[in-house]
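User: Please take a close look at the ligand site in this entry. I would like one connected account of the surroundings of the ligand, followed by the setting that the chain provides.

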Amino acid sequence: MSHNDTPEPYAQINPLFSRPGEASVYPRYEIPQESALPETAYQIVHDAAALDGDARRNLATFVTTWMDDEARHLYVQTADKNMIDKDEYPSTAEIEKRCWRMLAKLWHAPDAQSSIGTSTIGSSEACMLAGLAFKRRWQNARKAAGLDASRPNLVMSSAVQVCWEKFCNYWDVEPRFVPVSEEHPVLDGAGLSDYVDENTIGVVAILGVTYTGRFEPVEAIAAALDEIEESRGISVPLHVDAASGGMVAPFLDPELGWDFRCSRVASINTSGHKYGLVYPGIGWVVWCDASLLPSDLIFKVSYLGGDMPTFALNFSRPGAQVVLQYYMFLRLGMKGYTSVQRTSREVAQFIASGVSALGGFSLLGDGSELPVVCFRRDGTNPADKNWTLYDLSDRLRMRGWLVPTYPMPQDLEDIVVQRIVVRNGLSKDLATAFLGALRDEVEFLRSLDGPMPREKPDTTVFPHL
Ligand SMILES: Cc1ncc(COP(=O)(O)O)c(C=O)c1O
């Protein structure tokens with residue numbers, strides 16, 4: 001019997017999951033044969049999603065987990081907009097343009113009118129587009145000079161985000177990783193010359209590093225590239241992966257010359273859904289000057305009406321996040337962003353000093369650049385021999401706090417760290433509660449007589465039937 005046969009009074013008086021004729025168990029890996037009433041399907045899906053961790057206590061992610069009611073309202077009102085339908089939704093297209101122009105100005109493009117940019121689904125897509133522009137420009141120049149253009153390479157720190165490894169893998173570019181070390185925890189220009197040659201399509205600098213929240217000194221990297229150009233005649237452009245820092249440094253470190261003030265910086269990306277303070281997924285990439293984006297990468301499509309240029313990996317994409325980004329720019333303005341990011345940095349530094357006060361930990365990121373705290377155990381407390389940071393993550397998870405533990409990247413992989421990302425919405429109150437939980441759990445682990453049992457609890461939400 002389907003719900004259509006259900007006698008009306010029963011449907012109204014029976015609890016949701018015991019309505020006659022309604023399925024109470026749904027297949028998990030195939031589309032059910034029968035339809036469900038919207039409220040039943042809603043409840044099932046809602047309850048499944050509710051089994052996730054609590055976003056507010058998710059200290060693992062850089063991505064926005066809180067927006068105000070007006071933003072949510074706009075989100076619902078614009079959820080039906082497809083960003084690619086620019087001829088049909090010219091206002092959304094105009095809003096997109098306003099946003100990247102605002103970013104070009106924020107990042108000091110010498111002439112924001114001649115810069116060019118686009119929204120993307122996130123920084124990963126933005127980085128792919130910036131990398132493709134590097135590759136195509138290099139290929140075009142090599143071909144024009146009658147030189148071999150078959151072996152491009154990209155130079156970056158070994159602590160890059162995985163999107164750059166993907167870029168190299170997907171687009172046949174040799175990745176050249178400059179190893180991070182305890183002495184050089186970020187790419188800082190030292191030894192760069194050993195990695196750059198005539199096949200280098202570009203260098204990536206990171207503001208700030210995903211693992212630790214540290215900023216790479218873009219000006220020092222640019223100076224090293226200037227030196228390479230002077231001594232070896234190889235001119236290599238810089239891209240700044242400012243996935244997080246692009247919306248932090250302009251407000252909190254306005255004197256830091258990491259952006260288009262540095263003439264070697266060709267392009268910059270940021271994640272609107274990180275410190276841009278918009279729900280996922282929205283990213284941005286801006287080229288300082290339109291000439292830096294080869295025109296043969298831009299497609300013109302006419303089948304939606306008009307003659308629309310597009311440079312993107314996907315075709316259809318939500319327009320709502322672009323609208324939300326514009327809302328945030330207007331809503332907060334320079335002053336609001338400064339105040340929100342300053343608060344996040346202060347809360348991060350508050351957490352960093354709370355961690356230091358526990359003793360036995362050393363900080364790799366103290367929240368003074370990205371509002372991110374990254375720490376390792378320093379081996380000075382004998383009571384720390386029976387447990388690992390992975391155990392601490394498990395203990396914190398039992399209390400609802402999600403804090404990842406992971407090894408540092410290649411070359412420092414023996415160092416295991418824990419990272420706390422502070423975002424808008426993590427108040428000092430919540431941070432105090434977190435520090436209380438952290439202290440309790442560290443004390444518990446330090447009180448153990450023997451090793452922590454290693455058996456991992458089964459955290460699978462939907463075990464196979
Ligand atoms: C430095 C850096 N680049 C790129 C990315 C990828 O960003 P997205 O998640 O927006 O694709 C991240 C994400 O954490 C990042 O930290």
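Analyst: A polar contact is a pair of N or O atoms within 3.5 Å; within protein, one of the two must be able to donate a hydrogen and the other to accept it, and residues adjacent in sequence count only if both atoms are side-chain atoms. An oxygen atom of the ligand lies 2.9 Å from an N or O atom in the side chain of Thr210. At Ser123 the partner is a backbone N or O atom, 2.7 Å from an oxygen atom of the ligand. A nitrogen atom of the ligand is 2.6 Å from an N or O atom in the side chain of Asp241. Taken alone, the ligand exposes 400 Å², of which the protein buries 88%; accessible areas come from the Shrake-Rupley method with a 1.4 Å probe, and for residues only the protein chains shown count as cover.

This is a predicted model, in which local features need pLDDT of at least 70 and side-chain atom pairs count only at pLDDT 80 or more, while totals for chains, interfaces and linings use all residues. Residues are numbered from 1 along each chain as its sequence is written, and side-chain values use heavy atoms, with hydrogens and water left out.

The ligand is surrounded by 13 residues, a residue being near a molecule if one of its heavy atoms lies within 4 Å of it. The closest are Ser123, Ser124, Asp241, His273 and Lys274. By class, the shell holds 3 nonpolar, 8 polar and 2 charged residues. Here Ala, Val, Leu, Ile, Met, Phe, Trp, Tyr, Cys and Pro count as nonpolar, Asp, Glu, Lys and Arg as charged, and the others, Gly among them, as polar.

The wider setting is a protein chain with 11 helices and 13 strands, which are DSSP runs numbered from the N terminus (helices H or I, at least four residues; strands E, at least two). The C-alpha trace of the protein chain spans about 80 × 70 × 45 Å along its principal axes. Of its 465 residues, 49% count as buried, meaning under 20% relative accessible area (exposed is over 50%, partly exposed in between; 1.4 Å probe, protein chains only). The protein chain exposes about 22200 Å², and carbon and sulfur atoms supply 53% of that area. Contact means heavy atoms within 4.5 Å; among contacts in the protein chain between residues at least 6 apart in sequence, 69% join residues at least 24 apart.
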